[in-house]
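Please work through the exercises below with the sequence and the structure side by side, and try each task before reading its solution.

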Amino acid sequence: MRVVSLVPSLTEAVAVSAPGLLVGVTDWCTHPADLGDAVRIGGTKNPDVRAVLELRPDLVIANEEENRAPDLAALRAAGVEVLVTEVRDLPQALSELDRVLMGALGLERPGWLADAEEAWARAEPVGELTAFVPIWRRPWMVLGRDTFAGDLLARLGVRNAYAGHPERYPRVAAAEAAGLGCDLVVLPDEPYRFTAGDGPEAFPGLPAALVSGRHLTWYGPSLVKAPAILAAALRAALR
């Protein structure tokens with residue numbers, strides 16, 4: 001089977017589970033480090049549809065949030081099968097991974113998927129905390145309702161301050177954090193690359209947890225280590 005992945009986390013899931021199936025990946029697909037001869041076909045939001053078609057894929061895997069509907073429609077119009085995932089929380093992520101790997105690709109269930117389930121089942125909350133969780137700056141955008149990252153944080157005892165917002169990624173002012181009674185700000189390094197020198201200064205008086213965006217937002221093999229890595233970053237910020 002020839003597979004093109006338009007989603008970095010699904011790229012990692014397929015590459016780790018069945019090396020050699022991927023013939024095309026996006027420019028943002030960084031894991032695993034060795035993706036063999038897979039061709040880069042552009043970004044998640046602007047894939048080169050013609051380049052994808054030239055790879056003659058049997059299946060293109062995508063995500064309803066990361067990829068644009070017009071691109072997926074163009075692929076389908078050209079006769080390509082496109083599988084689109086939807087991931088709003090951890091159980092759905094695990095279910096969608098089963099659908100891609102076992103259902104669409106016909107693989108045996110990989111061991112890392114069971115390890116991920118076990119790791120999250122054992123995860124212990126770091127406290128009872130409320131956090132301001134930006135994902136972008138200029139303008140500030142934060143996690144809102146029904147997000148995978150928000151669900152992972154909740155499982156670690158961190159409530160997203162905007163979990164009840166009608167939008168999934170609302171634009172807000174950084175100054176709102178203080179008025180919301182937040183205990184900390186959680187700053188991932190993707191999609192915006194927050195660093196110690198770019199982000200924490202906007203939230204004076206609040207502890208800042210600099211976390212791995214891959215472990216907060218990717219659904220794939222990274223889920224195995226995510227509980228420990230995220231919890232360590234949260235605890236370090238609260239010391």
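The exercises that follow concern a predicted model, and they deal with one strand and then with salt bridges.

**Exercise 1.** Determine how strand β4 (residues 59-63) is placed with respect to the rest of the structure, and which strands it pairs with.

*Solution.* Begin with burial, for which the cut-off is a relative accessible area under 20%. Five of the five residues of β4 are buried, so the strand is largely enclosed by the rest of the structure. Next, look at the side-chain directions: Leu-59, Ile-61 and Asn-63 point one way, while Val-60 and Ala-62 point the other way. In a regular strand, side chains alternate between the two faces of the sheet. Then turn to the neighbours: β1 (residues 3-5) pairs with β4 in the parallel sense over three bridges, with Ser-5 having Ile-61 as its bridge partner. Strand β5 (residues 82-85) also runs parallel to β4 and is joined to it by four bridges, and here Asn-63 is partnered by Thr-85. Finally, follow the chain, where β4, helix α3 (residues 69-77) and β5 make a right-handed β-α-β unit.

**Exercise 2.** Which parts of the chain does the salt bridge between Glu-65 and Arg-168 tie together?

*Solution.* First establish the contact, in which the closest N and O atoms of Glu-65 and Arg-168 are 2.4 Å apart. Glu-65 lies in the loop between β4 and α3, and Arg-168 in the loop between β9 (158-160) and α7 (176-179), so the pair ties together parts that are 103 residues apart in sequence. As a last step, compare the accessibilities: Glu-65 is partly exposed at 28%, whereas Arg-168 counts as buried at 13%.

Key
Residues numbered from 1 in each chain as written. Predicted model: local features only at pLDDT ≥ 70, side-chain atom pairs only at ≥ 80, totals over all residues. Heavy atoms only, no water. Buried < 20%, exposed > 50% of the residue type's maximum accessible area, 1.4 Å probe, protein only. Helix = DSSP H or I, 4+ residues; strand = E, 2+ residues; numbered from the N terminus. Pairing = 2+ DSSP bridges. Right-handed = clockwise from strand over helix to strand, strands pointing away. Salt bridge = Lys/Arg side-chain N within 4 Å of Asp/Glu carboxyl O.
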